[in-house]
Amino acid sequence: MLWRFCKFVAELFYSSDDTTKSTQADDPASRPPAVRLVNPLPQEQPASSPPTPSPTPLLQPSIPMPAASQPATPVPPSTTPTPVLADPALLHPTPSTSSPPILSPTPSSLTPPPHFHGQGMFHQAQNFTISHSQFIDSSPAGLGLKHLFDYSMPDAFYNSSARYPPPRCHLGTRNDYIDLITKWALGESDRKEPILWMRGPFGIGKSAIAQSCAEVLAPINKLAATLFFSRSSVDRDDPQRVFTSIAYQVATKCPPFREIVDKLIVEDPALATTSLPAQFENLLVHPLREVGTVGSSLHGHVVIIDGLDECHGTAGQCEIIRIIAASAHNRTTPFRWFITSRPEDPITRTMNSTTVSPFCSRIELPVSRDIDHKILLYLTDEFKKIREDHDLPESWPSEEALALLVERGAGLWIYVSTMVRFIKDENSYGPNDQLHIVLEYAKDISSKVGMDNPLAEMDFFYTLIMQRIPPKLMTTVRKILLIYSTTTRQPAKIASILCLSEEQLRRACASIQSVMELRGSGLKSMDIKFYHTSFLDFMKDPQRSKELCIHSNFLIRWRRELLEWLYEVCSCSTDSLHIVFPSGPVLPEGVLRLKHYEYVLYLFWRLCEVSEHPLDSQATMSLAKLPFGKMLRLAENGRHIHGSSVRNNLVFAAPSCIS
């Protein structure tokens with residue numbers, strides 16, 4: 001708007017008719033000065049001496065007052081110096097009845113002030129003055145909210161595309177738990193505590209219940225925010241982004257809150273990076289107090305935090321609980337907090353502490369055969385869809401097959417849902433063949449698994465999935481899982497480390513699509529999603545996955561191979577532009593040699609840091625022979641390599657090994 005006003009003013013003063021221009025153009029006396037120096041307070045001069053300017057003049061472009069018989073004549077741009085503006089606050093000289101002294105500009109008087117920018121909005125402007133100006137900060141609305149979004153976890157929201165399709169309760173199942181939780185949320189139950197904690201073992205269906213509750217509360221405008229944590233996703237496990245994510249979601253639902261938070265972050269963007277207590281106070285408590293929580297539209301809204309045990313770090317998990325409990329005690333926020341987790345010791349101790357327990361109600365979600373009829377309902381509906389998609393007879397599967405699958409499910413939802421995905425696997429000979437494999441395996445292990453050991457049942461099924469991988473792909477798949485769990489979750493980097501093309505990576509991942517999904521087109525846009533964290537837990541535990549384990553001997557052997565590879569590269573290479581690799585797999589198209597080296601170096605270092613597998617004396621001596629100086633010089637990005645963590649993982653002190 002200010003630019004349009006200036007343009008209008010300029011056009012106004014250049015609107016003299018052609019006749020006036022022609023009569024005045026050749027009369028130098030009639031030309032107005034381009035710049036005149038104005039005293040803030042003109043002083044009288046002695047009669048015997050000519051007027052002199054004040055020693056501290058202000059530079060001001062000016063339009064002289066024309067005489068009554070002579071209109072003002074603009075000076076052609078080619079003959080008029082560009083006016084120099086003072087600070088806008090100084091463009092209002094004290095009114096005076098007498099004209100201020102007029103001086104010709106000199107080079108010294110036209111020295112620009114420190115903030116002068118010749119290419120600004122007044123560049124080459126002439127013969128105008130600004131009166132009664134007001135400069136307004138026109139920062140775009142929502143800039144602070146965008147910054148807050150950047151420090152949130154949108155992939156963890158209940159309706160995020162990253163979670164689609166989300167786990168939810170099958171129609172007609174878990175209605176008792178959903179009713180109990182939604183009645184508490186609406187204040188219609190005997191549970192009056194502002195925190196509701198639902199705990200249960202892995203795979204029991206906690207996330208499905210939380211998702212179903214969110215989908216009930218959202219349409220009736222009772223959902224303030226949701227967070228669904230996942231250890232298998234780097235974008236869904238950061239404790240430092242819990243309260244920023246909640247504040248962002250609340251801001252989208254409450255305009256007064258949004259305006260306050262937006263302004264706060266514009267004024268101080270670092271608020272999104274402060275400690276958890278500071279975030280909670282500055283991004284939730286203070287804005288809510290300013291909005292007024294009593295009787296506001298946010299009163300009684302529910303915040304759902306699912307899978308708190310999958311938030312990174314037990315210290316962060318416990319601090320989040322304590323902050324929420326303190327808010328419930330002091331009534332600084334108007335929310336009800338629904339939290340789900342496994343019954344991990346740190347979380348259980350915090351929930352049972354004297355500062356948290358009085359404000360927390362509990363729901364136990366045990367593994368129980370009482371839900372067998374609901375599992376049967378789920379399997380019946382899923383098999384109906386498979387029959388329709390593959391034109392199978394109504395008698396498929398048999399009642400005996402369904403009964404065996406329900407029995408093997410043992411009350412564990414993750415088990416039956418994984419079985420269904422296995423049977424639907426498109427990378428197979430069809431659902432009938434897949435069902436036959438599951439049934440034979442279920443009969444074979446029926447004598448090995450106790451009635452009350454669903455974890456072993458799940459492990460047997462995970463073992464079946466891994467044993468179905470073609471032998472040529474087995475090592476590659478295990479390496480993909482090891483890289484994903486220790487180094488990077490980006491498919492492009494995984495492919496670069498293993499020298500895989502996009503098609504080769506897809507084929508390897510397709511062999512375990514019962515437990516994970518590779519999404520996206522093109523390596524740079526791909527991401528990997530595991531349906532449940534229990535699979536990676538299984539693969540890292542040698543007691544459960546045995547010879548299939550990606551830790552233990554497999555990790556140690558690969559670490560030794562990478563050490564030999566790095567030694568050979570350092571021996572043959574000169575600098576980062578001339579890296580020589582040992583003979584072997586060819587790099588995929590588009591992968592730079594330098595990036596491949598850096599990714600492998602970083603992987604090796606991370607494998608050396610795995611505390612469950614310290615480096616033995618032989619590995620330590622081999623590591624000591626590695627030319628560390630040259631190894632780091634070959635990489636452009638060596639800042640993530642830290643010797644201290646590896647030194648702590650040696651079985652004996654060897655200070656000279658790592659510098």
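The following exercises, with worked solutions, concern a predicted model of a protein chain.

**Exercise 1. Overall composition**

Determine how many helices and strands the protein chain has, and what share of its residues counts as buried.

Solution. Step one is the count of secondary structure elements: the protein chain holds 25 helices and nine strands. Step two concerns burial: 46% of the 659 residues count as buried. Step three turns to the contacts with a separation of 6 or more, of which 76% are accounted for by residues 24 or more positions apart.

**Exercise 2. The second largest pocket**

Describe the second largest pocket by its volume, its lining residues and the helices that supply them.

Solution. Begin with the volume, which is about 1,400 Å³ for the second largest pocket. Next, consider the lining: 43 residues take part, and those nearest the centre of the pocket are His312, Ser485, Thr486, Arg489 and Arg606. Then assign the lining to helices. At least two residues each come from helix 9 (314-330), helix 16 (471-486), helix 17 (491-498), helix 19 (534-540) and helix 22 (593-609). Helix 22 gives the most, with seven residues. Finally, classify the lining residues: 11 are nonpolar, 16 are polar and 16 are charged.

**Exercise 3. Packing of helix 16 with helix 18**

Establish how helix 16 is oriented to helix 18 (residues 502-510), and identify the residues that make the contact.

Solution. The geometry comes first: the two helices pack at an angle of about 90°, and their axes are 9 Å apart. Angles of 65 to 115 degrees count as roughly perpendicular, and helix 16 is therefore roughly perpendicular to helix 18. The contact is formed on one side by Leu473, Thr476, Val477 and Ile480 of helix 16, and on the other by Leu505, Arg507, Ala508 and Cys509 of helix 18. Sorting these residues by class gives six nonpolar, one polar and one charged.

**Exercise 4. Packing of helix 17 with helix 22**

Carry out the corresponding analysis for helix 17 and helix 22, both of which supply residues to the lining of the second largest pocket.

Solution. Start again from the geometry: helix 17 and helix 22 pack at an angle of about 95°, with 9 Å between their axes. Helix 17 is therefore roughly perpendicular to helix 22. Next, list the participants: helix 17 contributes Lys493, Ser496 and Ile497, while helix 22 contributes His596, Tyr599, Val600 and Leu603. The last step is classification, which yields four nonpolar, two polar and one charged residues for this contact.

Notes: Residues numbered from 1 in each chain as written. Predicted model: local features only at pLDDT ≥ 70, side-chain atom pairs only at ≥ 80, totals over all residues. Heavy atoms only, no water. 1 Å grid on protein atoms, 1.4 Å probe; cavity = no way out; pocket = protein on both sides within 12 Å on 5 of 7 lines; lining within 4 Å. Points joined across faces, edges and corners; volume = space filled by probe spheres on them. Helix = DSSP H or I, 4+ residues; strand = E, 2+ residues; numbered from the N terminus. Nonpolar A, V, L, I, M, F, W, Y, C, P; charged D, E, K, R; others polar. Axes fitted to C-alpha atoms, helices over the stretch in contact; angles between N-to-C directions. Parallel < 35°, antiparallel > 145°, perpendicular 65-115°, else oblique. Contact = heavy atoms within 4.5 Å. Buried < 20%, exposed > 50% of the residue type's maximum accessible area, 1.4 Å probe, protein only.
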